[in-house]
Amino acid sequence: MSALAELLAGGRQQRICSGAAWSVGGPAGPLDRGWTGTRSWDGPELDGDDVWDLASVTKPIAGLAVMALVERGTLGLDDTVGTHLPDYRGGDKAELTVRQLLTHTSGIPGQVPLYRDHPTRAELLEAVRLLPLTAKPGTRVQYSSQGFIVLGLLAEAVAGEPLDALVERLVCAPLGLRDTVFRPDADRRARAVATEDCPWRGRPVVGEVHDENAVVLGGVGAHAGLFATLADMERLGAALAAGGRGLLRPDTLALMTAAHTDHLTLRRALAWQGRDPVGSPAGEVFGPDSYGHTGFTGTSLWVDPATRRYAVLLTNRVHPTRTGDGIVALRRAFHDAAAAVPRVAGETSHGVE
């Protein structure tokens, strides 16, 4: 049993999650991968073809589609919300830029449970538009799913197609990601890993997005909603470790993943988290220029461009409830162990010789 397998089996024993899957590798593919546990505490064993709710790992994947639009000249990082969304003109968000939305510096407040009082898509989107800013734009990093909801609307307006179709065209299809989808169909729902026994819905959630605001939006948002398999996530990780292969030019990916908020307290890239000096989910070994993202359901993707290594962790740590924070220490330990996975013969930080 590898160190990663032992670590994640321990996560199940500690009841942090019923199951976990992982992949660590580089441009040539995985060096260590596997899965342990069950799809739910009383469900079948994982088989490697399981479908996971990515939660906020949706954000950087949607961000890749946005950056593809930037690379094509369809969208500019300093374009304003009001330029592309007429309903926002004259309001406090009209002059917010794409860059500010991507770096969580827009001033739009963070995790607001709008679904409780706004039960339809139209009502929830109107509530997002009317949310008062809580900081002057560009002055503070404030993690905001609502900001990414606005970003998704903006991307749809510019591209002239729905967000799910845009992500499929610009991210999933080029990499051959067969099971990375919003709103899983019946086959994928049958392979889905359980998340929360949701008080709001009154039942366990399986194959339906965990994020309640995303539910009201119909399962599609730039902030949450994507599901994926381990195989798809490791393809994405390998492409990023290779400098954007099949997705973006290396210079575009470098722009996207560079730190854009070093003048503020927290390090954020464009749709990615940077490695904060203290308390980073990346642990202690991944380099200072590494980047990634975590998801509330217990998922994460992290990449170190200096070593060209990716690390994917998929768990259902909100099953059956969202209480408990064991995933924080487990994720950090996972990344430290992932950085220590030996290279294969002939592999360097630049690939396989």
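Analyst: Contact means heavy atoms within 4.5 Å. Keep that cut-off in mind for helix packing. The model is predicted.

User: Which elements do the buried residues of helix 6 pack against?

Analyst: By that contact cut-off, the partners are helix 2 (58-71), helix 3 (81-84), helix 4 (98-102), helix 5, helix 7 and helix 9.

User: What makes helix 6 mostly covered?

Analyst: Buried means under 20% relative accessible area. In helix 6, twelve of 15 residues meet that test. Among them are Phe148, Ile149, Val150 and Leu151. Gly147 and Gly152 are buried too, as is Val158.

User: How do you know what span to expect for helix 6?

Analyst: The expected span is 1.5 Å times one less than the number of residues. Helix 6 has 15 residues, and the expectation is 21 Å. The model gives 21 Å from the first C-alpha to the last. The span is therefore close to the expected one.

User: What backbone value follows helix 6?

Analyst: Gly160 comes just after the helix, with a positive phi of about 70 degrees.

User: Where does helix 6 (145-159) meet a pocket lining?

Analyst: In the largest pocket, it supplies at least two lining residues. Helix 9 (212-216), strand 9 (291-295) and helix 12 (326-339) each do so as well. That pocket holds about 750 Å³ of space.

User: What makes a residue part of that lining, and how many residues qualify?

Analyst: A lining residue has an atom within 4 Å of a pocket point. For the largest pocket, 35 residues pass. Nearest its centre lie Ser56, Gln111, Tyr143, Gly295 and Phe296.

User: Which classes do those lining residues fall into?

Analyst: Ten are nonpolar, 16 polar and nine charged. Note that Gly counts as polar in this scheme, so Gly295, a lining residue, goes with the polar group.

User: What about the second largest pocket: how much space lies there?

Analyst: About 170 Å³. It is lined by 15 residues, and Arg121, Glu156, Leu163, Val220 and Gly221 are closest to its centre. The classes are eight nonpolar, three polar and four charged. Helix 5 (121-130), helix 6 and helix 7 (163-175) each give at least two lining residues. Helix 6 gives the most, with four.

User: Why is Ala55 called buried?

Analyst: The limit is under 20% relative accessible area. Ala55 has 8%, so it counts as buried. Ala55 sits in the loop between strand 3 and helix 2. Its phi is positive, about 55 degrees, although Ala55 is not a glycine.

User: Why is Arg308 called partly exposed?

Analyst: Partly exposed lies between the 20% and 50% limits. Arg308 is at 22%, so the label follows. Phi of Arg308 is also positive, near 55 degrees, in a residue other than glycine. Arg308 belongs to the loop between strand 10 (299-304) and strand 11.

User: How do you know whether Gly298 is buried or exposed?

Analyst: Set 0% relative accessibility against the under-20% limit. Gly298 therefore counts as buried. It lies in the loop between strand 9 and strand 10. Beyond four places in sequence, Gly298 touches Leu313, Leu314, Thr315, Arg317, Ile327 and Arg331. Its C-alpha is 8.1 Å from that of Leu54, a residue 244 places away along the chain.

User: What makes strand 4 and strand 7 a pair?

Analyst: Pairing takes at least two bridges. Strand 4 and strand 7 (residues 226-228) have two, so they pair. They run antiparallel. Phe182 stands opposite Leu226 of strand 7.

User: Why are strand 3 (52-53) and strand 4 (181-182) placed at the edges?

Analyst: The open sheet of three strands has the order 3-7-4. Strand 3 and strand 4 each have a single partner strand, so one side of each lacks a neighbour in the sheet.

User: Which strands make up the six-stranded sheet, and in what order?

Analyst: The order is 2-1-11-10-9-8, with antiparallel pairing in an open sheet. Strand 2 (29-37) and strand 8 (273-274) pair on one side only, as edge strands.

User: What makes strand 1 and strand 11 a pair?

Analyst: The threshold is at least two bridges. Strand 1 (residues 19-26) and strand 11 have six, in the antiparallel sense. Ser23 is bridged to Val312 in strand 11.

User: Why is the His319 to Pro320 peptide bond called cis?

Analyst: Its omega is near 0 degrees. Pro320 lies in the loop between strand 11 (309-315) and helix 12.

Note on methods. Residues numbered from 1 in each chain as written. Predicted model: local features only at pLDDT ≥ 70, side-chain atom pairs only at ≥ 80, totals over all residues. Heavy atoms only, no water. 1 Å grid on protein atoms, 1.4 Å probe; cavity = no way out; pocket = protein on both sides within 12 Å on 5 of 7 lines; lining within 4 Å. Points joined across faces, edges and corners; volume = space filled by probe spheres on them. Buried < 20%, exposed > 50% of the residue type's maximum accessible area, 1.4 Å probe, protein only.
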